[in-house]
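Open the model in your viewer and keep the selection tool at hand. Each stop below tells you what to pick and what is there.

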Amino acid sequence: MSSPDTTAHNWLLEVNNLTCGYGGDAVVKDVNFALSHGDIGCLLGPSGCGKSTILRALAGFLPLTGGEIRLQSQPISLPGRTLAPEKRRIGMVFQDYALFPHLSIVDNVGFGLRGLDKADKRHKVMELLHVVHLQDLADNYPHELSGGQQQRVALARALAPEPTLILLDEPFSNLDTDLRRRLSLDVREILKTLGISAILVTHDQQEAFAMCDQVAVLQNGRIQQWDVPYNLYHEPVNRFVASFVGQGGFIPGKTVGPDIIESELGIIHGNRAYKWPSGTLVDVLIRPDDIVYDEASDLRPKVVEKTFAGTSTLYRFRCSEDTEFEALFRSHLDFHLGETVPVRVEADHLIAFERNS
Ligand SMILES: Nc1ncnc2c1ncn2[C@@H]1O[C@H](COP(=O)(O)OP(=O)(O)OP(=O)(O)O)[C@@H](O)[C@H]1O
């Protein structure tokens, strides 16, 4: 597992060996990560891997059975000691917005604001509604707003008490694809403008990559890799991360040098040296963008699948029963099922795992 060095850095949030679960069963085990001030982190993984469980522990709804959570260097959760959720200065935004239907937008956003007179409260709420671009809807009611607008109200409400950290639990999953993309970028910009740190839970990797600075990929309650999106895609630490993040698949190969692998796609040169002896059987990760069209190439696999996607087309090619791979070409490169196409590998990164590992 890759985890950050949490020493000698002024972290906003530190999660050290976090272990917790339900009814004596540990669902999340030995989780480690840390978030810098102003950064947006993400918990990404398949359904049931423990993302929401970690979020509940961060919010203070779930006690720990092992490890600790620190916010601004102060322990807020330890086994046997859980600071109450309302004392953590952590805001939450949920999938279903959870707005009060009988309150106007102003009153929804101002709900958690204490100790301000009416005029100051309205002034503060209007400032926040400007930040989320909803000032013109201040006196409307939730049912008069679209899903995206309601989610921005929920964000403004979570921001109102000036939290140290915001937790976003699948906040865009009730929205259509276009709106999710736009809103996730809007929310990133709002958080960055205000310098507020956040943890997003999602199973949508495009959303994770577009919105977050650091992403944890989880499997069965454990973090497999905590890294920047670029590294997760190009430098996955294990097969699970390689398969879960991005498209692509593995083809069989054999090492002929520390950074050279022989395969049915030819000799593949990498940017890193592996320690395996020559002749080791490996599986090589091929991403669709690692394959280019090249009329001069002798490698001519057959098209076995084709998915047209407007500006690009995803092809599945077969060299042999053992070697199939995908390639993404601009859609004017139009080939038919069964056609043989000259291609070559142009991979910046060589990701391989020992066969049967
Ligand atoms: N209240 C609960 N009581 C008992 N088990 C639970 C409870 N909540 C979740 N679990 C179990 O804990 C595991 C992790 O659940 P969790 O909700 O954290 O996953 P997740 O990664 O957020 O999944 P999803 O993406 O589907 O929301 C699952 O096996 C789930 O069945």
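The tour runs from the domains to the ligand, then to one helix and one strand residue.

**Stop 1: the domains.** Bear in mind that this is a predicted model. Select 11-89 together with 163-242 and colour the selection as domain 1. Give 247-354 a second colour; that is domain 2. The C-alpha centres of domain 1 and domain 2 lie 34 Å apart. Where they touch, domain 1 supplies 5 residues and domain 2 supplies 4 residues. On the domain 1 side of this contact, 2 residues are nonpolar, 1 is polar and 2 are charged.

**Stop 2: the ligand.** Select the residues around the ligand. From the chain's earlier part, pick Tyr-22, Val-27, Gly-45, Ser-47, Gly-48, Cys-49, Gly-50, Lys-51, Ser-52 and Thr-53, then add His-203. Which helix gives the most to this shell? Helix α1, residues 51-59, does, with 3 residues. By class, the shell holds 3 nonpolar, 7 polar and 1 charged.

**Stop 3: helix α3.** Select residues 118-131, the 14 residues of helix α3. Put a distance between its end C-alpha atoms: they are 20 Å apart. That agrees with the expected span, because 1.5 Å a residue should also give 20 Å.

Now show the side chains of Val-125, Leu-128 and Leu-129, the buried residues of α3. Why do they sit on the same side of α3? Around the axis they cover an arc of only 100 degrees. The general rule behind such patterns is that an α-helix has 3.6 residues a turn, so residues three or four places apart point the same way.

Add α2 (105-110) and α4 (147-159) to the view; both are among what covers the buried residues of α3. Then rotate to the face turned away from the buried side. There you find the exposed residues Ala-119, Asp-120, His-123 and Glu-127. Finish with His-133, which follows α3 and has a positive phi, near 60 degrees.

**Stop 4: Val-343.** Select Val-343, in strand β20 (residues 343-345). Is Val-343 buried or exposed? It is buried, because 21 other C-beta atoms lie within 10 Å, and the cut-off for buried is 20 or more.

Next, expand the selection to the contacts of Val-343. Leaving out residues up to four places away in sequence, Val-343 touches Ile-291, Val-292, Tyr-293, Asp-294, Ser-297, Leu-299, Pro-301, Phe-317 and Ala-327. Pick out Leu-299 from this list. It lies 44 residues from Val-343 along the chain, yet their C-alpha atoms are separated by 5.9 Å.

Conventions. Residues numbered from 1 in each chain as written. Predicted model: local features only at pLDDT ≥ 70, side-chain atom pairs only at ≥ 80, totals over all residues. Helix = DSSP H or I, 4+ residues; strand = E, 2+ residues; numbered from the N terminus. Expected span 1.5 Å × (residues − 1). Buried ≥ 20, exposed ≤ 12 C-beta atoms within 10 Å, placed from the backbone. Arc of directions from axis to C-beta. Contact = placed C-beta atoms within 7 Å. Near = placed C-beta within 6 Å. Nonpolar A, V, L, I, M, F, W, Y, C, P; charged D, E, K, R; others polar. Domains from an automatic or database assignment.
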